[in-house]
Amino acid sequence: MMDGIAEQTVWDVIGLYLRLGFEHILPKGLDHILFVLALFFASSRLKPLVWQVSAFTVAHTLTLALAVLGLFTLPSHIVEPVIALSIAFVAIENLVFKDIQRWRPLVVFGFGLFHGLGFAGVLVELGLPQGQLLPSLLSFNIGVEAGQLTILLAMWFALHRFRDASWYPLLAKGASALIAAIALWWVVERVFLAG
């Protein structure tokens with residue numbers, strides 16, 4: 001794949017990595033989809049959601065760049081279980097607290113650091129054009145962000161008008177419990193059952 005990329009213009013590379021970043025979330029990134037959904041079910045108000053997603057994006061951009069440049073990496077047998085734990089933590093926090101806690105953006109930032117290391121593994125497998133490293137990294141991150149925002153906005157448009165309905169807290173708690181259960185299974189799977 002690297003040879004074909006090397007011959008492409010910067011605009012071709014930007015378009016390719018925007019698409020790859022978006023597809024890494026939608027439809028391929030179930031763990032990232034569940035993380036974003038867990039964020040959503042903590043609050044259907046758009047402003048706190050945008051703050052959390054922004055903190056997440058800054059964090060994963062930082063570690064993604066450091067990992068791709070070879071300055072900092074962690075093995076996937078550490079990163080992948082922590083990603084699953086981050087999803088479980090956010091979902092369980094939704095079950096424990098009625099409102100978003102002030103520390104949530106910091107927690108999301110911390111987990112974003114690990115998600116960035118997970119994204120780096122994907123980019124290393126894809127290969128990056130050495131002459132166009134910055135445009136490909138930025139484009140991939142923008143694609144990831146676009147995928148996350150697509151999920152948030154779709155959920156917001158679908159459910160925001162119902163947030164004051166008597167059944168909405170039950171839906172949010174049920175969805176959070178399901179997300180937590182899936183994520184905890186992934187922790188077990190990634191720690192104890194990984195080949």
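Helices in this account are DSSP runs of at least four residues, numbered from the N terminus, and the model in which they are found is a predicted one. A useful place to begin is helix H5, which spans residues 76-96 and holds Asn94.

Asn94 counts as buried because its relative accessibility is 6%, and buried here means under 20%. The side chain of Asn94 nevertheless has polar partners: it reaches the backbone oxygen of Ala38 at 2.7 Å, and a polar contact of 3.1 Å joins it to the side chain of Ser176. When neighbours within four places in sequence are left aside, the residues in contact with Asn94 are Ala38, Phe41, Ala42, Arg104, Lys173 and Ser176.

Ala91 also belongs to helix H5, and because its relative accessible area is 0%, Ala91 is buried. Not counting residues up to four places away in sequence, Ala91 touches Ala38, Ser176, Ile179 and Ala180; Ala38 and Ser176 also appear among the contacts of Asn94. By contrast, Asn141, which is 50 residues from Ala91 in sequence, lies 24 Å from it in space, C-alpha to C-alpha.

From here the reader can turn to the nonpolar interior. In soluble globular proteins, nonpolar side chains tend to be buried together. The largest nonpolar core of this model has 52 residues, and among these Phe40 and Phe41 touch the most other members. Two or more residues of this core come from each of helix H2 (10-25), helix H3 (30-40), helix H4 (46-68), H5, helix H6 (104-126), helix H7 (133-159) and helix H8 (168-192), with H7 giving the most, nine residues. Phe41 has contacts with Met155, Leu159, Tyr168, Leu171, Ala172, Ala175 and Ile179, as well as with Asn94 and Ser176, again leaving out residues up to four places away in sequence.

Helix H5 also takes part in the surface. Leu85, Ile92, Leu95, Val96, Phe97, Trp103 and Leu184 make a nonpolar surface patch of about 580 Å², to which H5 gives the most, with four residues. Leu95, which lies in helix H5, is partly exposed because its relative accessible area is 33%.

Charged residues form a further set of links. Side chains of opposite charge can pair when their charged atoms come close, and the count for this model comes to four salt bridges. One of them joins the side chains of Glu93 and Arg104, at 2.5 Å from N to O, and this pair links helix H5, where Glu93 lies, with helix H6, where Arg104 lies, eleven residues apart. Glu93 is buried because its relative accessible area is 5%, and Arg104 is buried because its value is 2%. Leaving aside neighbours within four places in sequence, Glu93 is in contact with Gln101 and Trp103 as well as Arg104.

Two other salt bridges share Arg190. The side chains of Asp31 and Arg190 meet at 3.8 Å, N to O, and the pair links helix H3 with helix H8 across 159 residues. Arg190 also forms a salt bridge with Glu80, with the closest N and O atoms 3.5 Å apart, and this second pair links helix H8 with helix H5, 110 residues apart. Asp31 counts as buried because its relative accessibility is 13%, whereas Glu80 counts as partly exposed because its relative accessibility is 26%. Asp31, Glu80 and Arg190 are thus linked in a network of salt bridges.

Note on methods
Residues are numbered from 1 along each chain as its sequence is written. This is a predicted model: local features need pLDDT of at least 70, side-chain atom pairs count only at pLDDT 80 or more; totals for chains, interfaces and linings use all residues. Side-chain values use heavy atoms; hydrogens and water are left out. Buried means under 20% relative accessible area, exposed over 50%, partly exposed in between (1.4 Å probe, protein chains only). A polar contact is a pair of N or O atoms within 3.5 Å; within protein, one must be able to donate a hydrogen and the other to accept it, and residues adjacent in sequence count only if both atoms are side-chain atoms. Contact means heavy atoms within 4.5 Å. A nonpolar core is a set of buried Ala, Val, Leu, Ile, Met, Phe, Trp, Tyr and Cys residues joined through side-chain atoms within 4.5 Å. Patches are made of residues with over 30% relative accessible area and no salt bridge: like charges are joined within 9 Å, nonpolar side chains (Val, Leu, Ile, Met, Phe, Trp, Tyr) within 5 Å. Accessible areas come from the Shrake-Rupley method with a 1.4 Å probe; for residues, only the protein chains shown count as cover.
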